[in-house]
Structures are given as structure tokens and as C-alpha cells.
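Visitor: I would like a close look at a single part of this model, with the whole chain as background. Please state the cut-offs as you go.

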Amino acid sequence: MSKYRVPTLGSSDNIVIRQTEDKGEIEGANRLIFGNYVSAKYWENDAKNLQNKFLHTPMRKVIVALEDNELIGTISVILDSPIGLPSDCAQQPLMQQLRMLGGTFAEVSGFAMEKSKTAHRKMALFMMSYMFQYAYHYAGVDRLVASCIAAHAKFYESSVGFSRVKRISGPTRYDQRSVSPFLYLLTLNLKEVCSWHAEDNFYRFMFQDPQVCQHFPPERLIERPREINRIGCPMVEVA
């Protein structure tokens, strides 16, 4: 059982979380990412970072959080493709080992919040929940990877079951112009998590149950039904 409780928002009537293909919303999301990353010293304060290819690849699925139609957060899922994923530059051998485990592979990236306008932690959980459900049920992703600083890595591990793969000792392609701190490579098997934790309320919130403020695409576009996958399999570690 998870030690985390299902979060609640004071009022979700004016909050919408959804996937977007709107050019203006994506540009706003990119600016929010830029501001967050510069503030955290992941990126240098150089507008050229906005030309990063992973911000513009069609394999990027952009999710936005809006409050009263104003952008307050964003997170992306980047599907694997011939151009690779952001973490490939620093950890390509390990990334290739993860790919060899099979299934559809994607990276969580571009997580940014307008911290002055939202209850950051609760909203972040609602956005993560949308991202996991969209990635698994709509994009058909089997395994996720993420590169995080130590504090974020600990939260991902303790809250939703990511596993730490290895410490990164240099910038990834995503922040190649930055002076970013050390990052940790994490991986999550969505099929296993959906199977193992289906009876836990927090995990159902994260991986199964849509919330009022989460506006998913039409059900006709779903690739995997929202029923529980009860076929568990052992976790495979990457050395």
C-alpha cells in the first residue's frame, strides 16, 4: 500500500488538465519550461534552448494544466523514435538496455509549473496522474524513463514506483547548453504498476481513475481499456 493519500483540490471547477496540439499553448508551455529550467540552473539563460529538437519533435505529447484558461503547468511524454530520447546522450548504453526489455518506450520530460499561481505539490500530482494514464491508456506506452535531480528521484521512487538505474555525470541532449546538476536515470514499467497496485487508492488515482479536472481524449481513441491488468510479472533490473 502507498504511504501517500489521494490529493484533493479546493475547487476543480476552473481547472482543466488535457493534452494539447494547439500551437499557442505549446509555445506557452515551452516558455514555462524555459523559465523553470533557467531558475533551477538546468539551462543557461539563452533563448536558443527554446530551439531544442525535443521541444519540437512530433513524438512529443504535450499536456497542459489551465486555471481559468491560463497556463499554470505542463508536462510532456516523448515517444521513442529514430532521433532517440533526451536521456540518450548521457546514458545511451543503459537506455539501449532498457529498450531491449521490449515494449513501447517513452520519456517524461518538460515538467514545469507556474509556482506563483498554484498549489504546486497537489497540482503536480494531478498532472502526473494525467500523464501516466494518457501514456498507458492512449499512447500505448509500456515503459517510461525520466532523468531527475536527487530530490525528485526520491519522490518518484517512493510515490509511484520508479526504479533508479544509474547516476548521470553530465548534461543530457535535452539540456546540452546547461550547467545542470547531477541527474538520476529512472525507469517505470507501467504494466507492472497498473497490475500490482490496482487495489491501492493512491495508485488508482495515479494510474486508473480519471478525475473531474482531467479531460482525456475521446474513449474511441483509447488503446488500452481502463480495466485492471492483473497479470503481474517480475521486475527486470538493469545493472
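Visitor: How much area does the chain expose, and what share of it do carbon and sulfur atoms supply? After that, please go through helix α3 closely.

Guide: The model is predicted, so local features need pLDDT of at least 70 and side-chain atom pairs count only at pLDDT 80 or more, while totals for chains, interfaces and linings use all residues. Residues are numbered from 1 along each chain as its sequence is written, and side-chain values use heavy atoms, without hydrogens and water.

The chain exposes about 11,600 Å² (Shrake-Rupley method, 1.4 Å probe; for residues, only the protein chains shown count as cover), and carbon and sulfur atoms supply 51% of that area. Of its 239 residues, 51% count as buried, meaning under 20% relative accessible area with a 1.4 Å probe and protein chains only. The chain has seven helices and eight strands; these are DSSP runs numbered from the N terminus, helices being H or I of at least four residues and strands E of at least two.

Helix α3 covers residues 88-100, 13 residues in total. Its end C-alpha atoms are only 14 Å apart, short of the 18 Å that a straight helix would reach; that expected span is 1.5 Å times one less than the number of residues. At Leu 94, α3 bends by about 50 degrees, the angle between axes fitted to the seven residues ending there and the seven starting there. Leu 94 is also one of the buried residues of α3, along with Asp 88, Gln 91, Met 95 and Leu 98. After α3 comes Gly 102, with a positive phi near 90 degrees.

Conventions:
Buried means under 20% relative accessible area, exposed over 50%, partly exposed in between (1.4 Å probe, protein chains only).
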